[in-house]
Amino acid sequence: MSLRLKLSVMCLLMIGILVGCGTKKQEESKFALTGKIEGVVNSKAVLISHFETGVVQDTVEVKEGAFTFKGNYAEPTHAYLSIEGVDNLLSLYVENGNMTVTGVAKDFRNAKVTGGKTQDDINAYNAQKKAVFDKYKPIVAEYYNKETTKERKEELEEKLESRKLEMEGFDSKFIKENPTSNYSALLISYEISGKSAVEANKILSGLDPELQKNPLIVKLKAKNDEMKSLEVGMDQLMDNASNVSYKVDTKFKGADYGNVVYLGVLTNNNICVLQKDGSIKIVKPNGNEVKSLKPEFEGAASAIAVGESNTIYLLATLQKKVRKKYRGKSYDRMVAVGVECTVLNDKGEKINKYRLEGLKTATGARVCDGTLMVADCQNKNIVMFDAKNGKKTASLERLRTCCGILDFSVNKKKEILVANLGAFRVEGFNFEGKQLLAFGQRGKELNDFHGCCNPVSVNSLSNGAIVTVEKDPTRIKIYSKEGAKQIEGIEELVTGCTYIPMTVDANDNLYLASQKKGIVRCVSVKS
């Protein structure tokens with residue numbers, strides 16, 4: 001993973017736990033960032049700092065390519081620097097002291113930043129890693145040369161294996177050699193991401209005593225201790241959930257339902273299918289269409305929820321067109337600005353409509369006991385509203401979203417089960433937002449969640465078993481007291497990092513969908 005990508009990922013992972021993120025700039029200046037960028041005359045520079053309480057933006061004038069930011073960053077804080085009229089952003093860590101940034105406008109993202117201890121350590125890390133790549137570059141080039149013989153490739157494979165091992169151990173080596181570095185703490189926070197609390201605890205406990213004193217490590221350990229108390233073993237979580245086996249229902253007529261973006265289920269076990277254009281199809285358990293609804297609404301239809309009396313809540317993300325400029329070219333981009341809920345009766349007639357406060361997107365929805373719950377991937381939260389009037393009542397914050405995906409379900413215990421895919425976990429909460437349970441970690445085994453980020457969907461069965469959906473490749477698993485079992489015969493439903501809608505009816509039949517391949521039905525098989 002490149003340093004730039006790693007920094008971006010870590011920035012997303014650590015809002016709320018970064019060292020010093022709560023220390024906003026004060027009037028007394030202890031920090032100065034002086035810049036000189038060739039190819040810029042008069043412009044504006046913007047420094048975007050990621051604090052615990054939110055993002056802070058500071059703007060200064062650029063004259064003849066020169067500028068200076070001043071402020072107070074008591075601890076290293078991740079930031080992005082941009083210059084008006086110059087493509088790309090520059091990722092850096094700012095902290096008190098005198099820092100400099102130099103470079104050229106046409107290659108701004110590779111500008112040189114020096115003066116801060118954390119940033120200097122990042123520069124050293126980057127240089128050392130580049131040296132490893134350069135050392136093996138001739139071997140890589142020879143291996144992929146068309147004229148290289150099979151025998152010679154076999155000789156080179158042994159050297160390439162050494163390269164692989166050296167790269168896999170690179171971060172651990174840097175951390176060991178730099179036990180007081182803030183960047184070592186940042187590397188560890190990335191390393192434990194997606195690991196179970198038990199595995200993360202082994203890594204944190206094995207650190208050099210000096211590094212364990214680092215404020216970020218102290219916060220990570222406290223957060224991990226909290227997670228460890230929530231993680232329960234499958235034997236405890238699924239104590240009464242007997243094993244359930246499933247097979248694909250080959251007779252189900254679901255292939256013709258394309259462009260599906262979300263699924264719901266009515267009280268009579270008919271499926272409520274939301275399509276990309278906002279139309280809603282009511283489908284029988286055999287796949288036959290009952291009727292098609294064409295509701296009027298604003299925005300882009302993105303989720304639906306079905307109430308106890310078959311009331312349908314259609315969530316649409318409101319958008320506006322924004323003019324963007326990139327590499328000298330301008331283009332229009334649609335940006336999410338809010339969510340509107342249109343409430344329909346079972347005939348498709350509008351009976352209510354309201355704007356949902358504080359949401360930017362709607363990527364998942366459920367209704368239970370008069371509460372409308374909506375997942376907002378962009379804001380990384382799930383917000384609860386009074387289903388009658390759309391007034392906000394509570395929320396689950398700081399979820400780990402990824403790939404524009406965030407979904408959840410509600411089980412019979414009235415627990416909110418979240419597919420917290422950026423954390424590679426399923427997490428459970430009550431309606432007040434208190435966390436109750438967590439399980440899962442990043443990995444390749446059946447009990448783990450694979451890929452870039454997973455699971456993308458989660459639901460529960462009547463006996464308490466939990467169903468999860470993973471993408472890239474598609475994998476549907478049933479968690480019971482016997483552990484995880486994969487449903488066989490599920491073809492690849494989507495390509496890449498794409499959401500897979502899922503719902504479960506009252507008879508525990510599973511329905512999965514994709515925009516290109518329609519709807520798949522899975523039915524239980526008696527042992």
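Buried here means under 20% relative accessible area, a cut-off worth keeping in mind as you browse these close-ups of a predicted model.

**View 1. The buried face of helix α4.** Helix α4 covers residues 170–177, and its buried residues are F170, D171, F174 and I175. Looking down the axis of α4, you will find these buried residues within an arc of 130°, so they line one face of the helix.

**View 2. A cis peptide bond leading into P455.** Here the bond from N454 to P455 is cis, and its omega is near 0°. P455 itself sits in the loop that runs between β25 (435–439) and β26 (457–460). For context, most peptide bonds are trans.

**View 3. A cis peptide bond leading into P473.** The bond joining D472 to P473 is cis, with omega near 0°. Look for P473 in the loop between β27 (466–470) and β28 (475–480).

**View 4. K380 and its positive phi.** Most residues other than glycine have a negative phi. K380 is not a glycine, yet its phi is positive, at about 60°. You can locate K380 in the loop linking β19 (371–376) to β20 (381–386). Its relative accessibility is 27%, so K380 counts as partly exposed.

**View 5. D508, a buried loop residue with positive phi.** D508 also is not a glycine, and its phi is positive at about 70°. The loop between β30 (502–504) and β31 (510–514) holds D508. Is this residue buried or exposed? With 14% relative accessibility, D508 counts as buried, because buried means under 20%.

Technical notes. Residues are numbered from 1 along each chain as its sequence is written. This is a predicted model: local features need pLDDT of at least 70, side-chain atom pairs count only at pLDDT 80 or more; totals for chains, interfaces and linings use all residues. Side-chain values use heavy atoms; hydrogens and water are left out. Buried means under 20% relative accessible area, exposed over 50%, partly exposed in between (1.4 Å probe, protein chains only). Helices (H or I, at least four residues) and strands (E, at least two) are DSSP runs, numbered from the N terminus. The arc is that of the directions from the helix axis to the C-beta atoms.
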